[in-house]
Amino acid sequence: MMKITLKDGSEKSYESGLSVYDIAKDISEGLARAACAGEVNGETVDLRTVITEDCTLNILTANDPAGLAVIRHTASHVLAEAVKRLFPNAKLAIGPSIDTGYYYDFEADPFSREDLDNIEKEMKKIIKEGHALNRFTLPREEAIRFMEEREEPYKVELIRDLPEDAEISFYDQGGFVDLCAGPHLMNTKGIKAFKLTSSSMAYWRGDSSRAQLQRIYGTAFNKKEELNEYLEYLADIKNRDHNRLGREMELFTTVDVIGQGLPLLLPKGTKMIMKLQRWIEDLEDNEWGYVRTKTPLMAKSDLYKISGHWDHYRDGMFVLGDAENDREVMALRPMTCPFQYYVYKSSQKSYRDLPYRMSETSTLFRSEDSGEMHGLTRVRQFTISEGHLVIRPDQAEEELQGCLELAMYVLKTLGLHEDVTYRLSKWDPENREKYLGDEEYWESTQGKIREILVKNNVPFVEADGEAAFYGPKIDIQAKNVYGKEDTMITIQLDCAIAENFDMYYIDQNGDKIRPYIIHRTSLGCYERTLAWLIEKYAGKFPTWLCPEQVRILPISEKYADYAEQVRKELAANGVDVTVDNRSEKIGYKIREARLAKLPYMLVVGQNEQEQGTVSVRSRFSGDEGQKPLDEFIDAICKEIRTKEIRVEE
């Protein structure tokens with residue numbers, strides 16, 4: 001007899017050699033019908049797995065993440081079989097379950113939406129056929145021959161890379177066989193609701209030097225209602241995707257002959273960036289005590305050798321020139337810090353001059369992999385609100401606190417503060433050659449960063465290997481609509497680099513002392529922030545950020561002069577305003593303005609002209625009725641000045 005301890009702590013005794021499914025059936029017929037897999041001593045296994053000794057057992061259903069993953073993993077095998085039926089020459093790579101569903105990679109021609117629809121139909125046939133999924137194993141050499149005979153080179157490579165003592169298992173579903181460790185459902189009919197969502201290119205094993213494959217993404221749920229809810233969520237994501245919406249709203253575009261990662265900001269997008277930039281520059285210079293610099297976009301390699309970037313970051317730089325052909329080697333700057341160090345060094349500083357806070361609206365260049373390019377979030381040329389604070393060691397806590405407060409204020413003003421997470425990015429002690437300084441240096445600097453986060457009651461995670469080569473940092477992270485995480489704002493403490501540049505200040509005793517340096521952004525990358533704002537607000541931006549804040553809609557040509565008078569008064573008060581003078585019906589003009597996601601439209605006709613008023617329609621409250629023009633101007637100017645975030649009622 002063996003003793004089985006269930007999830008609720010109760011115990012059952014059975015004769016040895018009973019499958020997980022049989023135990024589930026003994027507990028409840030309903031549980032057996034709902035079961036997807038078992039969890040034996042914490043390991044997920046097939047329902048067919050035979051238990052022979054005492055253990056803890058949890059029967060997994062679709063309500064358990066691990067159970068849902070089994071449904072999705074099985075769906076990926078059904079997808080692979082369907083592709084092989086329709087595209088016999090396709091080669092199989094890998095097909096795991098993921099948080100949002102599953103995918104499978106193939107060596108094949110790109111798949112169209114029509115292809116995906118046909119594959120879905122074939123998957124439904126396979127599911128209806130109701131094939132059992134049977135697991136079997138083969139010795140290594142036999143397993144290799146098995147896949148070689150089926151002309152599946154990627155599977156052969158995977159088998160060869162397995163440890164010598166690995167058990168090599170396969171799953172057979174009605175004649176279609178795939179290399180897989182499992183677990184899987186007992187039968188393809190267990191897939192109740194699925195959908196293929198998209199396809200894209202992927203590199204074999206994520207290596208851009210390896211083969212380009214075609215990846216099909218799908219998802220699966222236990223109920224159609226759950227699937228429909230998820231598809232609605234995907235539709236909302238699509239409506240918020242900055243790469244689509246930003247182009248539709250004419251904020252930016254890309255052109256093949258210009259290059260990947262080099263977006264063109266169109267007039268509307270440029271205006272939004274300008275508003276952000278002016279706000280940040282005024283904020284830093286007038287309220288936070290920064291001096292503004294403007295430094296070159298490139299420098300000789302000598303500069304980057306002093307800073308350490310040549311050794312630690314050269315692969316990410318655009319290098320110009322050729323030393324072997326007697327051409328001076330230059331590089332476009334990937335960051336501004338070494339340039340600003342020489343601004344600091346341009347005159348001698350005493351302890352009274354510190355902190356010396358420098359900021360620059362910096363255009364930077366980084367050689368990102370082509371596979372990483374995406375809209376405005378991952379580009380090769382970008383602009384950031386970059387700053388470097390040269391400080392005395394005793395000022396570190398206060399200045400780090402100030403940098404964090406500034407970043408949090410910026411996020412709150414933009415309405416993004418609830419959408420971020422905080423990370424303490426640390427060095428990797430197992431990869432010491434990557435970093436400056438010794439263990440004591442890193443433990444000390446990481447401790448200072450940790451103290452600031454704890455002091456401010458900021459929830460944070462710690463991540464080894466994410467620090468800059470010269471020091472740890474606070475990374476403020478955010479996810480795009482697809483769940484991909486990027487760093488939006490960073491604050492870095494550097495107690496080492498001043499030595500490289502012979503930076504010092506004169507203390508009260510007349511001695512030369514090495515300063516500390518804080519590298520930070522207050523907003524981060526303007527392009528990435530614009531992408532974030534597009535997705536956050538689905539294009540319905542706070543009024544102060546809108547490139548067009550008001551559109552005036554005259555009822556007919558007779559009121560064009562009054563519309564122009566209203567425009568001039570609004571423009572004189574700093575409002576971005578246009579007039580729609582087209583000879584279209586007013587209803588059409590209103591619909592057009594709504595589609596443009598404008599905050600305000602002002603309808604003007606005979607009554608408005610005679611009374612000096614405007615009929616206000618807003619994105620927030622709909623028809624707000626007639627208002628005196630002065631009253632509307634006062635209200636919108638206050639909304640813009642305070643950067644109020646109005647919401648739809």
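**Cysteines, a surface patch and two loop and strand sites**

The structure, a predicted model, holds 0 disulfides. Two cysteines help to show how this comes about. For Cys403, the closest cysteine sulfur belongs to Cys495 and lies 13 Å away, which is too far for a bond, because a disulfide calls for a pair of cysteine sulfur atoms within 2.5 Å. Cys637 is likewise in no disulfide, the nearest cysteine sulfur being that of Cys546, at 15 Å. As for their surroundings, Cys403 counts as buried, at 4% relative accessibility. Cys637 counts as buried too, with a value of 17%, since the class takes in residues under 20% relative accessible area.

Attention may now turn to the surface. There, a nonpolar patch is formed by Val255, Val257, Ile258 and Leu264, which together offer about 330 Å² of accessible area. Val257 sits in the loop between strand S16, residues 252-253, and strand S17, residues 264-265. With a relative accessible area of 77%, Val257 is exposed, because that label applies to values over 50%.

Another loop residue is Gly190, placed between strand S13 (176-179) and strand S14 (193-203). Its relative accessibility of 23% makes Gly190 partly exposed. In sequence, Gly190 is separated from Ala34 by 156 residues, yet in space the two C-alpha atoms are 9.2 Å apart.

The remaining site of interest is Gln626, a residue of strand S35, which covers residues 622-628. Gln626 is partly exposed, its relative accessible area being 37%. Leaving aside residues up to four places away in sequence, Gln626 touches Asn607, Glu608, Gln611, Thr613, Val614 and Ser615. Two of these neighbours also meet Gln626 through polar contacts between side chains: with Glu608 the distance is 3.2 Å, and with Thr613 it is 3.3 Å. Leu602 can be added to this picture through its backbone position: Gln626 and Leu602 are 24 residues apart in sequence, with a C-alpha to C-alpha distance of 9.2 Å.

Taken side by side, the sites illustrate each accessibility class in turn: Cys403 is buried, Gly190 is partly exposed, and Val257 is exposed.

Technical notes: Residues are numbered from 1 along each chain as its sequence is written. This is a predicted model: local features need pLDDT of at least 70, side-chain atom pairs count only at pLDDT 80 or more; totals for chains, interfaces and linings use all residues. Side-chain values use heavy atoms; hydrogens and water are left out. Patches are made of residues with over 30% relative accessible area and no salt bridge: like charges are joined within 9 Å, nonpolar side chains (Val, Leu, Ile, Met, Phe, Trp, Tyr) within 5 Å. Accessible areas come from the Shrake-Rupley method with a 1.4 Å probe; for residues, only the protein chains shown count as cover. A salt bridge is a side-chain nitrogen of Lys or Arg within 4 Å of a carboxyl oxygen of Asp or Glu. Helices (H or I, at least four residues) and strands (E, at least two) are DSSP runs, numbered from the N terminus. Buried means under 20% relative accessible area, exposed over 50%, partly exposed in between (1.4 Å probe, protein chains only). Contact means heavy atoms within 4.5 Å. A polar contact is a pair of N or O atoms within 3.5 Å; within protein, one must be able to donate a hydrogen and the other to accept it, and residues adjacent in sequence count only if both atoms are side-chain atoms.
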